Amino acid sequence: MQIDYKQAADIVRVCDNVHILTHQSPDGDTLGSAFALHFALSILGKRSLVLCPDEIPERYAFLYKNRVNNQENFEPDCVIAVDLADTGLMGNMRKIYEKKVSLCIDHHISNTMYADNTLVNPDASATCEVMYSLFSELGIKIDDNIARCLYTGIATDTGCFKYSNTTAEAHRICSELIQFDIDFASINREMFDIKSKQRFYLEQHIVDHMEYYFEGRCALLCITKDLCDKLKVDMEDLDGVASIPLQIEGTEVSVTFKEKESGVYKISMRSANSINVSHICQYLGGGGHVKAAGCIVKGTYEQARQQVLDAVGMVLGGQ
């Protein structure tokens with residue numbers, strides 16, 4: 001059931017022991033939302049535990065290290081999912097939680113409404129923007145910890161405010177958040193400027209092995225497990241890779257294959273202009289935003305690539 005901010009706030013108020021769920025391959029928005037909620041619940045005198053199906057990259061440690069308390073496990077009376085549009089994104093937590101989510105807080109238009117109650121605002125730039133409004137409804141006074149988390153989520157989901165999903169409200173909220181002691185310049189440098197040596201090696205490989213289709217309108221790259229092992233690349237080094245092909249002149253859709261296991265590929269699609277990659281990914285069983293979406297495709301690489309190109313071709317036309 002879709003609910004409004006007041007109804008969501010009423011649910012939060014009666015929860016005392018909360019498990020907060022983030023999505024697999026965590027990014028700044030899901031983690032910023034989760035830890036912002038953790039700090040907000042602490043202010044309300046409630047206990048919460050942030051759970052992620054994958055290891056949290058070290059680059060996000062500044063959000064919670066030496067700041068988060070009460071992370072011991074406990075039986076929840078409420079489960080809240082943040083920035084988690086579909087149970088398929090729960091990874092190894094799905095069997096435990098897919099039927100237990102009391103409240104989902106999100107901004108994805110593709111949200112499948114799997115939770116008992118869903119607060120979703122597809123016009124928001126990030127789930128952290130939705131969270132900011134919820135905290136206002138709850139009467140929570142934002143502090144440095146919450147501000148740091150919310151800023152990180154909004155900044156990362158808007159590409160440091162350069163993506164088309166950036167809203168005037170996002171700028172207004174962040175103009176307030178940067179007044180707190182959050183060192184936003186360091187956050188921006190950590191999120192957008194610093195790269196490991198392994199990431200540079202990976203980008204060199206991407207440039208050398210990019211595939212082009214539909215007269216160059218679609219650029220495709222594949223990152224295999226063997227490549228990651230060879231270059232000693234970890235999940236953190238893969239963050240933002242999907243946007244690299246869009247830097248090439250004439251590219252309208254970028255498609256990134258990430259081999260999760262043999263015969264299973266995580267597909268990330270990005271759009272430069274008016275192409276709705278969410279529709280393409282929905283056709284393949286996934287979803288997301290108009291300009292950033294994803295799905296899972298199974299089979300050999302050749303089979304998976306053809307399946308994805310067939311779907312992209314329905315939008316871009318024949319090869």
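Strands β8 and β9 run antiparallel and are joined by eight bridges. I should say at once that we are looking at a predicted model. Within this pair, Ser 254 stands opposite Arg 270 in β9. The two strands form a hairpin with two residues between them, and in that hairpin Gly 263 takes a positive phi near 80°.

Let us now turn to the other neighbour of β8. Strand β7, residues 218-223, runs parallel to strand β8, residues 253-261, and six bridges join the two. Here Ile 223 stands opposite Lys 258 in β8. As a general reminder, strands of a sheet pair through backbone hydrogen bonds, and the pairing may be parallel or antiparallel.

On the β9 side, strand β9 covers residues 264-271 and pairs with strand β11, residues 292-298, in the antiparallel sense over seven bridges. One of the partnerships there is that of Val 264 with Lys 298 in β11.

These pairs can now be placed in the whole sheet. It is an open sheet of six strands with mixed pairing, and its order is β6-β7-β8-β9-β11-β10. Which strands stand at the edges? They are β6, residues 211-213, and β10, residues 287-288; each has a single partner strand, so one side of each is left without a neighbour in the sheet.

I move next to the nonpolar interior. The largest nonpolar core has 53 residues, and those with the most contacts inside it are Ile 80, Leu 103, Ile 105, Phe 135, Ile 146 and Leu 150. Which helix gives the most to this core? Helix α2, residues 28-43, does, with eight residues.

Phe 135 deserves a moment of its own. Setting aside neighbours within four places in sequence, Phe 135 is in contact with Ala 36, Leu 37, Ala 40, Ile 140, Ile 146 and Leu 150. Another core, of 26 residues, lies apart from the one just described, and among its members are Val 253, Val 255, Cys 295 and Ala 311. Of these, Val 253 and Val 255 fall within the residue range of β8, while Cys 295 falls within that of β11.

Finally, I would draw attention to His 279, which lies in helix α10, residues 277-283. Is His 279 buried or exposed? His 279 is exposed, with a relative accessible area of 51%; the cut-off for that term is over 50%. His 279 and Ser 110 are 169 residues apart in sequence, and their C-alpha atoms are 9.4 Å apart in space.

Methods. Residues numbered from 1 in each chain as written. Predicted model: local features only at pLDDT ≥ 70, side-chain atom pairs only at ≥ 80, totals over all residues. Heavy atoms only, no water. Pairing = 2+ DSSP bridges. Helix = DSSP H or I, 4+ residues; strand = E, 2+ residues; numbered from the N terminus. Core = buried A, V, L, I, M, F, W, Y, C linked by side-chain atoms within 4.5 Å. Buried < 20%, exposed > 50% of the residue type's maximum accessible area, 1.4 Å probe, protein only. Contact = heavy atoms within 4.5 Å.
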